[in-house]
Amino acid sequence: MMDIEDICVFLCGILYVGMAVPIKILCVLCQWTWGVVQNIVGLLVFLVTLKNKHSIFRCAVVTHWNHPYSMGCGMFIFKGDHGYAHYSDERNEKINHDVLVHEYGHTVQSLILGPLFVPVIAIPSLLWASIPYFDRLRSRRGLSYYWLYCEKWANLIGDKVCGNIREKC
């Protein structure tokens, strides 16, 4: 027989599930209006990588691809394999999860910034990741990739939204 505690848990579960669906719909709607530019770019990359494995992470579509890097474009995340042979399976799993949460942080930035995402986040992030001068600068000064404001913020917001705990970089 159900007692009052069981009934409360059941009702809270219904309320949570009932609220989660409209929130996800609202996130997608915001991405395709407020963040339309980065979502069109993400959709185009998604269509090119249609044959790859895909999954859902919260309100984002994740494409697993064979590149040594990951990136987020609106509600689309393109996830590379960030495993290292000299690390344990658990350590590699944690690294890959942290990267996914980081990229989800970019998804949340897209929701917050909308059309400002491209000039404020995407362009600085792309330059920071792809220009050899910045790679040498990071090496020379001992800077983490996550030192740049947009990458640090993606970690912070992704960790907060996902309840993730990461090691200090």
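The exercises below, each with a worked solution, deal with a predicted model.

**Exercise 1.** Compare the span of helix 6 (residues 149-162) with the value expected at 1.5 Å a residue.

Solution. Helix 6 has 14 residues, and at 1.5 Å a residue these should span 20 Å. The end C-alpha atoms of helix 6 are 20 Å apart, so the two values agree. Just after helix 6, G163 has a positive phi of about 65 degrees.

**Exercise 2.** Find which residues of helix 6 are buried, and name elements that cover them.

Solution. The buried residues are C150, E151, A154, N155, I157, G158, D159 and C162. Their cover includes strand 1 (53-57), helix 3 (89-113) and helix 4 (117-130).

**Exercise 3.** Work out how helix 3 and helix 6 are oriented to each other.

Solution. The axes of the two helices come within 7 Å and cross at roughly 95 degrees. Angles of 65 to 115 degrees count as roughly perpendicular. Helix 3 and helix 6 are therefore roughly perpendicular to each other. The residues of this contact divide into 11 nonpolar, six polar and two charged. Among them are V101 and H102 in helix 3, and C150 and W153 in helix 6.

**Exercise 4.** Describe the order of the open sheet of four strands, and say which strands stand at the edges.

Solution. The order is 1-2-4-3, with mixed pairing. Strand 1 and strand 3 (71-73) stand at the edges; each has a single partner strand, so one side of each lacks a neighbour in the sheet. Strand 2 (residues 60-64) and strand 4 (residues 76-79) run parallel and are joined by four bridges. In this pair, V62 stands opposite I77 in strand 4. Helix 2 (residues 36-48) packs on the sheet, and its direction makes about 45 degrees with that of strand 4.

Key
Residues numbered from 1 in each chain as written. Predicted model: local features only at pLDDT ≥ 70, side-chain atom pairs only at ≥ 80, totals over all residues. Heavy atoms only, no water. Expected span 1.5 Å × (residues − 1). Buried < 20%, exposed > 50% of the residue type's maximum accessible area, 1.4 Å probe, protein only. Contact = heavy atoms within 4.5 Å. Axes fitted to C-alpha atoms, helices over the stretch in contact; angles between N-to-C directions. Parallel < 35°, antiparallel > 145°, perpendicular 65-115°, else oblique. Nonpolar A, V, L, I, M, F, W, Y, C, P; charged D, E, K, R; others polar. Pairing = 2+ DSSP bridges.
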